[in-house]
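Here are some notes to read alongside the structure, going from the whole chain down to single residues. Please keep the sequence and the 3D view open as you work through the points.

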Amino acid sequence: MNVHEASQSVLLGASLAQIGTEYRNELLESFGIDPAAAQPDTFRNESRNFVNKVCREIGERHRGDSRVQAALVAWAGLVDEYDVFDVLLTNFHDFEDRALLLARGRRLFPGPLTAHWDE
């Protein structure tokens with residue numbers, strides 16, 4: 001799976017959590033590791049980094065798309081990753097609980113990283 005394929009899957013309704021799991025499983029299998037037998041942290045960082053790239057891709061290319069917005073909001077509720085907060089709060093301005101997500105993002109990340117996020 002590459003970023004473009006993953007982005008298309010999100011547009012078709014896949015969650016970013018699903019994308020991360022699929023990518024991790026592909027990595028595990030490419031190393032001959034049974035996903036069911038792998039430790040939970042095996043390739044966790046790699047799959048998170050991949051999902052971060054997907055967040056950037058879909059958030060920047062599909063601004064205003066409600067499918068993308070929903071996927072990003074759901075993912076931001078699960079992780080403390082700057083990329084999802086940044087792309088969501090920079091490119092999407094009208095969604096439920098934006099103020100709560102903005103406050104959480106500003107608590108998680110230093111001021112200079114969040115100064116461009118509109119109230």
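1. Contact, as the word is used in this note, means that heavy atoms lie within 4.5 Å. With that in mind, look at Val 51, which touches Leu 16, Ile 19, Gly 20 and Trp 75, when residues up to four places away in sequence are not counted.

2. Please remember throughout that this is a predicted model. The protein holds 7 helices and 0 strands, and from the N terminus on its elements run α-α-α-α-α-α-α. The radius of gyration is 15 Å, close to the 14 Å that the globule rule gives for 119 residues, so the protein is as compact as a globular protein of that length.

3. As for overall dimensions, the C-alpha trace spans about 45 × 30 × 20 Å along its principal axes. The accessible surface of the protein comes to about 6,700 Å², and carbon and sulfur atoms account for 49% of that surface, while buried residues make up 40% of the 119 residues.

4. How much of the contact total comes from residues 24 or more positions apart? Among the contacts with a separation of 6 or more, such residues account for 55%.

5. On charge, the protein has 12 positive and 19 negative charges, and the mean positions of these two groups are 4 Å apart.

6. Helix α3 (residues 44-61) deserves a careful look, and a simple check of its length is possible: at 1.5 Å a residue, its 18 residues should span 26 Å, and its end C-alpha atoms are 26 Å apart, which agrees. Buried residues of α3 include Ser 47, Phe 50, Asn 52, Val 54 and Cys 55, and what covers the buried residues of this helix includes α1 (3-11), α2 (16-30), α4 (66-76) and α5 (82-91).

7. Is Val 51, a residue of helix α3, buried or exposed? Its relative accessible area is 1%, and because buried means under 20%, Val 51 counts as buried. The C-alpha atoms of Val 51 and Gly 32, which are 19 residues apart along the chain, are separated by 22 Å.

8. Turning from the helix to a loop, Asp 65 lies between α3 and α4. With a relative accessibility of 15%, Asp 65 also counts as buried, and, leaving out residues up to four places away in sequence, Asp 65 touches Leu 11 and Phe 92.

Methods: Residues numbered from 1 in each chain as written. Predicted model: local features only at pLDDT ≥ 70, side-chain atom pairs only at ≥ 80, totals over all residues. Heavy atoms only, no water. Helix = DSSP H or I, 4+ residues; strand = E, 2+ residues; numbered from the N terminus. Rg over C-alpha atoms; globule rule 2.2 N^0.38 Å. Buried < 20%, exposed > 50% of the residue type's maximum accessible area, 1.4 Å probe, protein only. Areas by Shrake-Rupley, 256 points an atom, 1.4 Å probe, with all protein chains shown as cover. Lys, Arg positive; Asp, Glu negative; His and termini not counted. Charge placed at Lys NZ, Arg CZ, Asp CG, Glu CD. Expected span 1.5 Å × (residues − 1).
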